[in-house]
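User: I'd like to go through this one and ask how each label is earned. Can you take me through the reasoning as we go?

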Amino acid sequence: MSAATALVHATAVAIDGQGILLVGASGSGKSDLALRLIDRGAVLVCDDYCDILDGSDGPEIHATPSISGKIEVRGVGICSIDYIPSTPLSMVLQLDRAPDRLPASDGRIELAGWSVPYARLAPFEMSAPLKAEMLFRRMVDAGQHPVRLETSGYNRGTA
């Protein structure tokens with residue numbers, strides 16, 4: 001793996017052709033939130049592990065070939081699902097505790113040589129899919145996008 005790629009324990013979905021990387025510890029709700037976003041019109045890119053590549057126009061999420069089109073549904077098992085093999089990475093959502101009541105809207109994380117818009121979300125709240133979409137729309141409306149880092153290395157941050 002070159003310095004501009006990363007294998008990340010995460011789940012990714014695409015909304016309107018733009019990827020949202022869901023990161024968090026095992027059992028943090030990545031696949032569960034992905035399923036609820038898919039139910040609302042998103043499409044799976046990958047579940048459990050995602051390859052992040054340094055693309056010419058920005059970071060890209062690629063499905064790991066050995067698990068492409070599969071998602072772990074807790075209590076059900078591994079299920080086949082429609083997916084796309086790759087998408088541009090637009091945003092990272094850290095799934096954990098409830099975020100601050102009025103969090104900063106300009107959070108960023110460094111990943112695969114890029115500074116990527118970043119936010120925290122409590123994944124098991126009933127409103128989590130709506131909140132994820134609102135965060136995504138806010139990012140799009142504000143023109144926030146990944147920016148190439150000036151340094152030659154990268155920092156995986158919390159992803």
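User: What share of the 159 residues is buried, and what makes a residue count as buried here?

Analyst: This is a predicted model, and buried residues make up 43% of the protein's 159 residues. The label goes to residues with under 20% relative accessible area.

User: How many helices and strands are there, and in which order?

Analyst: You get two helices and 11 strands. Along the sequence they run β-β-α-β-β-β-β-β-β-β-β-α-β. As for contacts between residues at least 6 apart in sequence, 71% of them join residues at least 24 apart.

User: How do you know that the length of α2 fits a helix?

Analyst: Helix α2 covers residues 128-141, which is 14 residues. At 1.5 Å a residue the expected span is 20 Å, and the end C-alpha atoms are 20 Å apart, so the two agree.

User: What makes you say that the buried residues of α2 line one face?

Analyst: The buried ones are A128, P129, A132, E133, L135, F136 and M139. Looking down the axis of α2, they fall within an arc of 160°, so they line one face of the helix. On the other side, M134 and D141 are exposed, a label that takes over 50% relative accessible area.

User: What covers that buried set of α2?

Analyst: Among the elements covering it are β1 (5-15), β2 (18-23), α1 (30-39), β8 (86-95) and β10 (114-121). Just past the end of α2, G143 has a positive phi of about 70°.

User: Which residues of α1 are buried, and how do you know where they sit around the helix?

Analyst: K30, S31, L33, A34 and L37 are the buried residues of α1. Viewed down the axis of α1 they lie within an arc of 160°, so this set lines one face of the helix. They pack against β1, β2, β6, β8, β10 and α2. Right after α1 comes G41, with a positive phi of about 115°.

User: Why is C46 called buried and C79 partly exposed?

Analyst: C46 has a relative accessible area of 3%, which is under 20%, so C46 is buried. C79 comes in at 23%, between the 20% and 50% cut-offs, so C79 is partly exposed.

User: How many disulfides does the count give, and what would make a pair qualify?

Analyst: The count is zero disulfides. A pair would need its cysteine sulfur atoms within 2.5 Å. A disulfide, after all, is a covalent bond between the sulfur atoms of two cysteines.

User: And Y49: why is it called partly exposed, and what does it touch?

Analyst: Y49 has 35% relative accessibility, which sits between 20% and 50%, so the label is partly exposed. Y49 is in strand β4 (residues 49-54). Leaving out residues up to four places away in sequence, Y49 touches L7, V8, H9, A10, T64 and I67. The C-alpha atoms of Y49 and T11 are 6.6 Å apart, although 38 residues separate the two along the chain.

User: What makes up the lining of the second largest pocket, and how much space lies in it?

Analyst: About 410 Å³ of space lies in the second largest pocket. Its lining has 20 residues, with S31, D47, E72, V73 and R74 nearest the centre. A residue counts as lining if it has an atom within 4 Å of a pocket point. β1, α1 and β6 (70-73) each supply at least two residues of that lining. S31 is also one of the buried residues of α1.

Key
Residues are numbered from 1 along each chain as its sequence is written. This is a predicted model: local features need pLDDT of at least 70, side-chain atom pairs count only at pLDDT 80 or more; totals for chains, interfaces and linings use all residues. Side-chain values use heavy atoms; hydrogens and water are left out. Helices (H or I, at least four residues) and strands (E, at least two) are DSSP runs, numbered from the N terminus. The expected span of a helix is 1.5 Å times one less than its number of residues. Buried means under 20% relative accessible area, exposed over 50%, partly exposed in between (1.4 Å probe, protein chains only). The arc is that of the directions from the helix axis to the C-beta atoms. Contact means heavy atoms within 4.5 Å. On a 1 Å grid over the protein atoms alone, a cavity is a set of points where a 1.4 Å probe fits but cannot get out, and a pocket is an open set with protein on both sides within 12 Å along at least five of seven lines; lining residues have an atom within 4 Å of a point. Grid points are joined across faces, edges and corners, and a volume is the space filled by probe spheres set on the points.
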